[in-house]
Each structure stands twice: as structure tokens, then as C-alpha cells.
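Open the model in your viewer and keep the selection box ready. The tour goes from a helix pair to the domains, then to some backbone oddities.

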Amino acid sequence: MVTRQPLGNSLDRLAKIAEVRLNREDRPMTREEILEGVKDCDGLISLPYDRVDGELMDASGRLKVISNHAVGYDNIDVEAATKRGIFVTNTPDVLTETTADLAWALILATARRLTEAERFLREGRWRSWSPGLMVGTDIYGKTLGILGMGRIGVAVARRAQGFNMKVLYSDVFRNERAEKELGIEYADLKRVLKESDFVSVHVPLMPSTRHFVGEAELNLMKRSAILVNTSRGPVVDELALYKALNERRIAGAGLDVFEREPIEPENPLLRLNNVVLVPHIGSASIDTRIAMGDLAVKNLMATLQGRMPPALVNKEILKTKPLTS
Ligand SMILES: NC(=O)c1ccc[n+]([C@@H]2O[C@H](COP(=O)([O-])OP(=O)(O)OC[C@H]3O[C@@H](n4cnc5c(N)ncnc54)[C@H](O)[C@@H]3O)[C@@H](O)[C@H]2O)c1
């Protein structure tokens with residue numbers, strides 16, 4: 001079962017070894033449609049908004065592999081899958097650089113008020129050049145704080161070298177290799193929040209990172225600081241963020257992800273000018289989306305054929321269900 005058509009032709013390869021049940025419509029499947037569609041399926045290719053829980057796994061009756069078309073897998077109950085002997089895979093690495101590019105696009109757009117300035121121009125309000133017109137914040141030479149120095153965190157830090165920035169990061173693990181290669185500095189979360197001009201969030205969504213950036217964390221940030229989130233919406237407490245932005249306790253935010261997606265029309269963030277909001281497009285380049293589809297299909301096919309998939313999430317399953325390498 002494939003819940004939405006991936007970009008590229010990876011499904012042609014899959015069709016050579018399996019009967020492919022595909023949602024051909026350009027909309028997410030409803031919960032009921034997935035529960036019905038997954039019946040008797042050996043594999044599932046899911047998207048980040050598909051909630052894959054024990055009920056869905058049981059609805060299949062024979063599910064062997066869940067291949068998520070994303071690196072984040074917070075939509076999947078991995079423990080429930082492992083308990084049922086179901087392999088879970090994801091699409092790391094292929095989207096790292098593209099997502100780091102978007103984090104940087106948001107840093108630049110928010111600091112230099114790009115979307116606000118464009119709205120101003122399109123609305124015909126540009127009457128003259130003025131020294132104070134749409135003045136923003138410099139990026140060059142400032143301090144960038146990165147929360148989560150994993151694959152995407154490192155790629156974001158690498159780009160900061162071109163802007164001659166000091167980079168501070170916090171993580172549950174130290175990344176000494178990145179420290180050496182990029183000259184970045186490890187610090188505790190409080191220090192990163194206090195000293196950074198830009199804070200970019202790259203931790204995965206897990207129970208321990210839900211509202212990882214909340215009121216207390218926002219209060220530690222500089223009044224002139226900008227928060228960028230390209231990880232998952234619930235990692236940031238959106239109401240606390242709205243209040244901090246509205247009261248100008250921080251200067252701005254660039255957001256690709258939201259607590260509820262798609263964003264609801266009544267979301268108060270939509271009324272603020274000091275935010276740049278984009279619709280979860282972190283990995284949205286043609287090459288990367290094709291690569292994600294390819295990897296999702298490779299993961300699925302390898303597992304179904306008893307081979308080690310390129311990106312297995314629940315590695316502990318190999319103790320009871322070994323695969324050939
Ligand atoms: N917006 C998008 O379209 C998009 C695209 C790709 C990835 N993502 C999100 O970005 C996340 C990061 O991706 P990645 O490939 O860099 O993952 P990764 O696993 O390589 O990096 C995550 C890092 O966060 C750290 N971390 C985990 N818990 C932490 C905590 N409590 N405090 C501090 N650090 C913690 C980990 O140690 C790791 O270094 C994904 O989980 C996904 O949700 C979003």
C-alpha cells in the first residue's frame with residue numbers, strides 16, 4: 001500500500017516484485033481508507049501525516065515493513081511495530097542538504113524581512129527609498145545556535161562558515177567531529193539560547209522533545225533573536241512562541257512546521273508580520289523528493305526480499321528477525 005504517489009518512477013521497480021495498491025488522488029488518504037487499503041498488504045509506504053499505530057498494523061493482518069517517506073518517524077508507533085515483528089525504515093541523508101538550505105532560506109528571509117517586504121511591494125505601498133524602509137538584521141558575523149547537531153544540524157552549521165558566524169550547539173551527545181571540522185562550540189541549552197542571534201531547531205520529535213522550546217526557553221533568548229524551526233511543529237510550543245513574537249520578546253521566527261498541519265486559518269501566527277511561514281517544504285526539491293521516493297522503495301523491497309534495508313529504524317528487531325546483508 002502506498003498512501004501517496006512519490007515523485008519519480010520508483011514504483012515501477014516495486015511493481016516488478018509486488019502488486020502495488022496506490023492512492024492515485026492528490027490528497028491524503030483518510031484513516032478509514034488506509035485501514036481498508038492496508039488489508040492483506042505486506043508493506044506500507046507512509047507519509048509523515050499518516051498515523052501508523054498498532055490498530056493500523058493489525059488491520060493489515062500480514063504487514064512486514066513500514067517504509068516512511070521521511071527521515072522523521074514520529075508518526076509511527078515504532079515500539080508497537082517492533083512488538084509485532086514489523087520493520088520500520090526511513091529516508092535519512094538524501095534530504096539533509098535540501099532541508100539545511102531551507103533552514104538557511106528562513107534565516108535569511110526572516111532577518112531581512114523578505115516576505116513582508118514583498119507583500120509591501122505587491123500591495124503598491126512602495127512610494128520611495130527611505131533609510132528606514134524594511135530594515136532588518138545582519139547575519140554576517142553573528143552567533144548561530146543549533147539545537148540538535150545531527151545530520152541536518154551539521155549541514156546548517158557548515159553553511160554558517162560562509163557567513164563568518166560563531167556557532168554554538170546543544171545536543172544530548174557531543175559531536176566532536178563536527179566541532180573539529182567546523183570550529184563549532186558545544187554548550188548547554190541555556191547558554192545557546194542566551195547567546196545566539198539565530199536559533200535553528202533540528203531535534204527529532206519524541207516524547208522528550210515535545211515543546212522542547214517553550215515559554216521558559218523563549219524567555220532566555222535575546223529580544224533581537226530569531227527562531228527557525230524546520231524539525232517538527234510540536235517541538236516548539238506554538239502558543240508560547242506566538243506570545244513571545246506578539247510581545248516582541250523575540251524579534252522573529254521562520255517556520256516550516258506547525259503544531260497542526262496544514263495550518264488552520266485561525267492560527268494567530270498568520271496575523272503577525274515578524275514571521276516567515278512556509279508549508280512544510282523542508283525537503284521539497286525535485287532531486288531530493290525523487291531520491292526520497294527511491295530510498296523508500298529500496299527500503300521496502302530489500303526488507304520484503306529478506307535483505308537489510310539501507311535505512312532501518314528499529315534495529316533491535318534484527319535480534320529476533322535477522323536479515324541478510
Ligand atoms: N521540515 C522538513 O521537511 C524536514 C525534513 C527533514 C527532516 N526534518 C526533521 O528534522 C529532524 C532531524 O533530522 P536529522 O536527519 O538531522 O536527524 P538526526 O537524527 O541526524 O539528528 C537529530 C539530532 O538531535 C539530537 N537530539 C535528540 N534528542 C535531543 C534532545 N532532547 N536534546 C538535544 N538534542 C537532541 C540527536 O542526538 C541528534 O544529534 C528529523 O527528525 C525530522 O523530524 C524535517
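A crossing of two helices is called right-handed if the near helix is turned clockwise from the far one by less than a right angle, and left-handed if anticlockwise. Keep in mind that this is a predicted model.

**Stop one: a helix pair.** Select residues 96–111, helix α5, and residues 151–160, helix α7. Their axes come within 8 Å and cross at roughly 55°. That angle falls outside the roughly parallel and roughly perpendicular ranges, so α5 and α7 are oblique to each other. Their crossing is right-handed.

Now show side chains. On α5, pick T96, E97, T99, A100, D101, A103 and W104. They meet R151, I152, A155, V156, R158, R159 and A160 of α7. By class, this contact has 7 nonpolar, 2 polar and 5 charged residues.

**Stop two: the domains.** Colour 10–94 plus 285–319 as domain 1, and 96–277 as domain 2. Their centres, taken over C-alpha atoms, are 31 Å apart. Domain 1 gives 10 residues to the contact and domain 2 gives 5. About 620 Å² is buried between the two domains, with 43% of that area from carbon and sulfur atoms.

**Stop three: the backbone.** Most residues other than glycine have a negative phi, and most peptide bonds are trans. Which residues are joined by a cis peptide bond? Select E261 and P262; omega there is about -10°. P262 sits in the loop between β9 (252–255) and β10 (275–277).

Go next to M134, in the loop between α6 (114–122) and β4 (143–147). M134 is not a glycine, yet its phi is positive, about 50°. Finish at H211, between β7 (198–201) and α10 (215–220), again in a loop. H211 also has a positive phi, near 55°.

Notes: Residues are numbered from 1 along each chain as its sequence is written. This is a predicted model: local features need pLDDT of at least 70, side-chain atom pairs count only at pLDDT 80 or more; totals for chains, interfaces and linings use all residues. Side-chain values use heavy atoms; hydrogens and water are left out. Axes are lines fitted to C-alpha atoms, for helices over the stretch in contact, and angles run from 0 to 180 degrees between N-to-C directions. Helices (H or I, at least four residues) and strands (E, at least two) are DSSP runs, numbered from the N terminus. Angles under 35 degrees count as roughly parallel, over 145 as roughly antiparallel, 65 to 115 as roughly perpendicular and the rest as oblique. Contact means heavy atoms within 4.5 Å. Ala, Val, Leu, Ile, Met, Phe, Trp, Tyr, Cys and Pro count as nonpolar, Asp, Glu, Lys and Arg as charged, and the others, Gly among them, as polar. Domain bounds come from an automatic or database domain assignment. Buried area is the accessible area (1.4 Å probe) that two parts lose on being put together, summed over both.
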